[in-house]
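I opened this notebook to record what I looked up in the model, entry by entry.

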Amino acid sequence: MLSNEPLWFAIVAAVFAVYAVLDGFVFGAGILYLFIARTDAERQLVLKAIGPVWKGNEVWLVAGGGLLFLAFPKAFASGFSGFYLALNLVLWCVILRGVSIAVRSHLDNPLWRTFWDAIFALSSLLLALIFGVALGNLIRGVPLSADGQFFAALWTTFTPGPTPGILDWFTVLVGALSVTILAVHGAHFLIIKTESAVHDRASRIAHTGVWTVMLLAMVAISLAPSVQPTLWHRYDAHPVGFVLPLIAVVAGATTLACRRHGWDGAVFLSWSLFILGLFGSVAWGLFPNLLMATGNPAYSLTIHNSAASPDGLQLGLVWFPIGISLVMTYTLWVYLSFRGKVARSPVEEHY
Amino acid sequence: MTSALFYDRLQFAFTATFHYLFPQLTMGLAALLLYLKSRAYWNRDAHYDEAAHFWTKIFALSFAFGVVTGIPLEFQFGMNWARFSTFAGGVIGQTLAMEGVFAFFLESTFLGVLLFGRKTFGPFVQWMTTLMLFFGSWLSGLFILATNAWMQHPVAYAADEAGAVHVTSLWGLLTNPWLVWQFAHTMTAAVVTGSFVMAAVGAYYLLSGIHLDQAKTFLRTGVVVAALASCLMLFPTGHHAALQVFEHQPIKGAAFEGHFYTESGADLVIFGQPNMDTLTIDNPLVAPKMLSFIIHKHFDAEIKGLTEFPREDWPDTMPLLYYTYHIMVGLGSLFIPLMLTAVVLLWRGRLFQARWMLWTIMLMAPFPYIATTAGWMTAELGRQPWLVYGLFRTADGNSRLVGSGNVLFTLLGFLGLYLLLGLLFLFVLFRTVARGPAVPVGLSANGKGAL
């Protein structure tokens, strides 16, 4: 019987990649929020742009976690307990971001609103940073012991080595890359959704932001082989995977070309593809590892030694295609229903 | 009592308890919203549409807090309970992933549509959206309860060579006999919470002499639904939930009833404090032979007592379990005469003038929360010392490498953050209620986008 493990690796990676794209532009809007939207009316505009969709976007994270749990329980258990401190920070930021959006417009008090605006921006920034750092950790590897467990301190010596912390220069670099990529992503979204001042500021940020991304990406990619050579071996062995970084490069170039023509929708979509391409490139390099060991490579958690039983994976394939097709259908319907610029309305009613 | 295990348990207990304050309201309100929105849609009734819109705002607020406090629970399976997740991921990974894909997406996406689509969509789409919201929130409850039901009463699983378990039949997992009564009981309880809150807001408006039109609708709907749901909560759902405890988890049953010694014709303890030194109930108030009658429909039937079982299999917080069970049953039994009286007053046309009753209804709003929390504590404390009943002990489940210092650190963080969240929720809730359902004329016409 053909094993379903690679397929589940692809499913889990794809769901997290979609999460990066969808919640990514909400993070981006949050990161830029204080600079791009200066007045209360402008801020309401930004919140209205993300309003109908951000809740659904966030669910991809929960679904990704659930699917990882289903398919690779050992990797879920090891990774989530090993990144205990970082994930608690994620949880607290997720809480603060959700609450700030929910309550900020309830009171017509400038201090109240400014406070929650700051919380929204700060938690978005931290989330984008931590998720980038987490990806950096997956690339670099973690200090797994023979039983497939580890516990990562927040930092040790700030250098990748046999016992690295969550933060070192490499993971912080990937975190910074994630922040800039998502900030540009958020700017592209706001360019589509807004007019006038917010639109113009978003355009300027997107313009310079792209070059910052290119610079950081180049640095990160050139330094990555010294941190984790395994990724490159994977590409050497299976060069067909080069199609993924190629997609990222082409999508990045398309973004610039579409920008010149003022095709805002195409800019947003090609940048989304750029994110998917980068994500896919990392996933291809990691495969079949889920968590790489910094010490003995035999301790790495792979799709083979951490998968659930074949029966369970088979059962999951019965319902997952149905469920995710439904989700994609109504998600697409919602995005199409709320397409176009958001209008400024004189009085806002809040929930 | 400073081991990592203790803090792990306390953190999950605290975060789960706090989380469930919100979904019990949203699941209850989802059903009530569907009713209001249906009346608005089928009768083209603006009054009911306004009522639905007001409760959508409360729903959305509670939902927002429910989501952000719910995500930590899924994460904590891996973070704090790595050994349990490795053991049971092959089963509960399925139900948790299904919850995300089938329910949580539905709920989150369509709430966005309902809040922001008042201008974009016509009445039919809005009604459909409310229906989807209802499906989403109740399906979410179903999958989460299927997960819990499996931990209470494991079915449809097999063990791997490595000692972990995996699911053998999804259908078996979702038709777990335990789940049937647990789902019915939990959802009825959610409707009790939703309807009590709705009735309380109506009572508050009537007592204050404001928003009288809507107040009467809230009160009428709330009281009738609350009376119905309170009755269903005791019988058949609560009764059968208790019967299956005595059938499958006799230790839990004996513990929450405070029944220490096996006897025929067992008394039902109504009041008294368990004494763990003498294994008796201090100053007991009992209904003679009633426990035997309730469980076995026979006054002289034998009920096994706690001492029949090895002490290491007793729930390790037996007195707390005993109290939470009695609080749940006590409050549940109080709701029925209260709400039936209110319904009689309503039927006689006197409810809106009966200020003592309005006061009572208003002040009763927190009590379904207490009863539901006590109910969950009964279920979960009573499951101890097992994580998966009879299969996997709690002491074997926590993450080995996450030390007690780190768990205490995050526990303190959650305590502080959730204290602030609780205050914030109440503050915003009271303001929303104070602002009332009335939409200023002229603004409703151009259908404002809600934020």
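Entry 1, cysteines. I took a residue as buried under 20% relative accessible area, as exposed over 50%, and as partly exposed in between. The model is a predicted one. I looked up Cys231(B) and found a relative accessibility of 31%, so I entered Cys231(B) as partly exposed. Cys258(A) has a relative accessible area of 6%, so I entered Cys258(A) as buried. I then counted disulfides over all chains, with sulfur atoms within 2.5 Å as the cut-off, and the count was zero.

Entry 2, the contact of chain B and chain A. How many residues does each chain bring to the contact? I noted 77 residues from chain B and 67 residues from chain A. The two chains bury about 6,600 Å² between them, and 77% of that area lies on carbon and sulfur atoms. I searched the interface for salt bridges and obtained one. Arg400(B) and Asp147(A) form a salt bridge through their side chains, at 2.2 Å from N to O. My search for polar contacts across the interface gave nine residue pairs, with both residues at pLDDT 80 or more. On the side of chain B that touches chain A, the elements that give two or more residues are α3, α4, β2 (165-167) and α14 (404-435) of chain B. Of these, α4(B) gives the most, with 25 residues. I also sorted the residues of that side of chain B by kind, which gave 45 nonpolar, 25 polar and seven charged.

Entry 3, helix α4 of chain A. Is this helix mostly covered or mostly open? I found α4(A), residues 73-82, mostly covered, with nine of its 10 residues buried. Among the buried residues I listed Pro73(A), Phe76(A), Phe80(A) and Gly82(A). I next asked what covers the buried residues of α4(A). From chain A, the cover includes α3 (54-71), α5 (84-103), β1 (289-291) and β2 (301-302). From chain B, α3 (46-79) and α4 (82-116) are included as well.

Entry 4, Thr372(B). I located Thr372(B) in helix α13 of chain B, residues 366-383. Its relative accessible area is 10%, so I entered Thr372(B) as buried. Which residues does Thr372(B) touch, not counting those up to four places away in sequence? I recorded Tyr20(B), Gln24(B), Ala189(B) and Thr193(B). With Gln24(B), the side chain of Thr372(B) also makes a side-chain polar contact of 3.3 Å.

Definitions and conventions. Residues are numbered from 1 along each chain as its sequence is written. Chains are lettered from A and ligands numbered from 1 in the order in which they are written. This is a predicted model: local features need pLDDT of at least 70, side-chain atom pairs count only at pLDDT 80 or more; totals for chains, interfaces and linings use all residues. Side-chain values use heavy atoms; hydrogens and water are left out. Buried means under 20% relative accessible area, exposed over 50%, partly exposed in between (1.4 Å probe, protein chains only). Contact means heavy atoms within 4.5 Å. Buried area is the accessible area (1.4 Å probe) that two parts lose on being put together, summed over both. A salt bridge is a side-chain nitrogen of Lys or Arg within 4 Å of a carboxyl oxygen of Asp or Glu. A polar contact is a pair of N or O atoms within 3.5 Å; within protein, one must be able to donate a hydrogen and the other to accept it, and residues adjacent in sequence count only if both atoms are side-chain atoms. Ala, Val, Leu, Ile, Met, Phe, Trp, Tyr, Cys and Pro count as nonpolar, Asp, Glu, Lys and Arg as charged, and the others, Gly among them, as polar.
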